[in-house]
Amino acid sequence: METFCAFLLLVVGSAVTSAVQNSKDSLLYPYGTDQGDRKNPKLDDGTSPEIPISEPFTFYGKPYYSLYVNNNGVVSFGVNVSQYTPDPFPLEGGWPFVAPYWGDVDNRMGGDVFWRQTQDPAILSRCTADINQYFPKIPFQAIWAFIATWDHVAYFGSASKKVNTFQAVLTTNGNIAFILLNYADIQWTTGRASGGDAKTGLGGTPAQVFMN
Ligand SMILES: *[C@@H]1O[C@H](CO)[C@@H](O)[C@H](O)[C@H]1NC(C)=O
C-alpha cells in the first residue's frame, strides 16, 4: 500500500484551544543528549550528516531512507539545505523538505540542534495518541519516530539574547507518515543577512513554516 501525502500537525505552546492545551514543558517530546540525541556541529548554515533511517518515510508519495537535519530549521530528504533566507512556498525544483522554521539559525551564537530516531515504546505511544487525537478517522499506530529539536537557537548576526525553541516529530506506521511541529518559544524571525535587525531579530525576510 502506498500513501501520497504526509499530514502536518502544528502545536503551538501559547495556543489554548479545546484541542490543544499544552504547557511549554510538556509540549515538546523529550530531547537532549541524555535522551540519546546527537547534535549538529556548531557551524553557520551547518547540517547533520546524511542520517539513514530504519523505516522508510513516505513523503508526497515517495519513500525516503535517509534525511538531513539542517541548522536553518529544515528537515530535508535527498539533499542537505544550507540556504538561510527562505524562498517563498512552493519551491521551484521541488526540494522535498519540511520546514518547521526555515530561518537563519546560528548555533555558534547560542543553542543546539538535536536529533534521534527512536522506537522507544513510550515515544511511540505518545505519537500514536497524538495522531489518534487529531486524526481520529485514520487508523494509526506508530512504529518509528524521528525527533529533531532546535533548542534555544540564536540567529545569524544576533546582537540580542533572543532564542527560539521548536521541534519536528516525524512518525510513521510503515505506511502513512505524519509530521508534528511543536513550538515552545519563538522570539526572532530573521537573521541579519536576510534583512533582519540585529537587535530585534525581526524584519527583512522572516522565517517560514511549510512542507514542500
Ligand atoms: C551538504 O552536502 C554537500 C554535497 O554532498 C557537501 O559538499 C556539503 O559539505 C554538505 N554541507 C554540510 C554543511 O555538511
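In what order do the elements of the chain run from the N terminus on? In this predicted model, they follow the pattern β-α-β-β-β-β-β-β-β-α-β-β-β-β, and the secondary structure thus listed comes to two helices and twelve strands. The chain has 212 residues, of which 52% are buried, and it exposes an area of about 9400 Å², with carbon and sulfur atoms supplying 55% of that surface. If one takes the contacts between residues at least 6 apart in sequence, 67% of them join residues that are at least 24 apart.

A good place to begin within the fold is an open sheet of five strands, whose order is 3-4-5-6-12 and whose pairing is antiparallel. At its edges stand strand 3, covering residues 51-59, and strand 12, covering residues 208-211, each of which pairs on one side only. Neighbouring strands of this sheet are turned against each other by 30° on average, when direction is ignored. As a general matter, the strands of a sheet pair through backbone hydrogen bonds, in either a parallel or an antiparallel manner.

Starting from the edge at strand 3, the reader can follow the pairing inwards. Strand 3 and strand 4 are joined by five bridges in the antiparallel sense, and Thr58 stands opposite Pro63 of strand 4. These two strands form a hairpin with two residues between them, and in its turn Tyr60 has a positive phi of about 50°. Strand 4, which spans residues 62-70, continues the sheet by running antiparallel to strand 5, residues 74-76, with three bridges between the two. Within this pairing Val69 stands opposite Val75, while Asn70 has Val74 as its bridge partner in strand 5. Strand 4 and strand 5 likewise form a hairpin, here with three residues between them, and Gly73 in the turn has a positive phi of about 80°.

From the backbone we can turn to the charged side chains. Side chains of opposite charge can pair when their charged atoms come close, and in this model the count comes to four salt bridges. In one of them, Arg116 meets Asp37 with a distance of 2.8 Å from N to O. Arg116 belongs to strand 8 (residues 112-118), whereas Asp37 lies in the loop between helix 1 (24-27) and strand 2 (38-39), so this salt bridge ties together parts of the chain that are 79 residues apart in sequence. Where do the two partners stand with respect to the surface, buried or exposed? Arg116 counts as buried because its relative accessibility is 8%, below the cut-off of 20%, and Asp37 is buried as well, at 7%.

Strand 8 takes part in another such link, since Lys39 forms a salt bridge with Asp112, with 3.7 Å between the closest N and O atoms. Because Lys39 lies in strand 2 and Asp112 in strand 8, the pair connects parts that are 73 residues apart in sequence. Here Lys39 is partly exposed, at 43% relative accessibility, whereas Asp112 is buried, at 15%. Lys42 also enters the picture, for Lys39, Lys42 and Asp112 are linked in a network of salt bridges.

Finally, the side chains of Arg108 and Asp106 meet in a salt bridge, at 2.8 Å from N to O. In this pair Arg108 is partly exposed, with a relative accessible area of 48%, while Asp106 is buried, at 1% relative accessibility.

Methods: Residues are numbered from 1 along each chain as its sequence is written. This is a predicted model: local features need pLDDT of at least 70, side-chain atom pairs count only at pLDDT 80 or more; totals for chains, interfaces and linings use all residues. Side-chain values use heavy atoms; hydrogens and water are left out. Helices (H or I, at least four residues) and strands (E, at least two) are DSSP runs, numbered from the N terminus. Buried means under 20% relative accessible area, exposed over 50%, partly exposed in between (1.4 Å probe, protein chains only). Contact means heavy atoms within 4.5 Å. Accessible areas come from the Shrake-Rupley method with a 1.4 Å probe; for residues, only the protein chains shown count as cover. Two strands pair if DSSP finds at least two bridges between them. Axes are lines fitted to C-alpha atoms, for helices over the stretch in contact, and angles run from 0 to 180 degrees between N-to-C directions.
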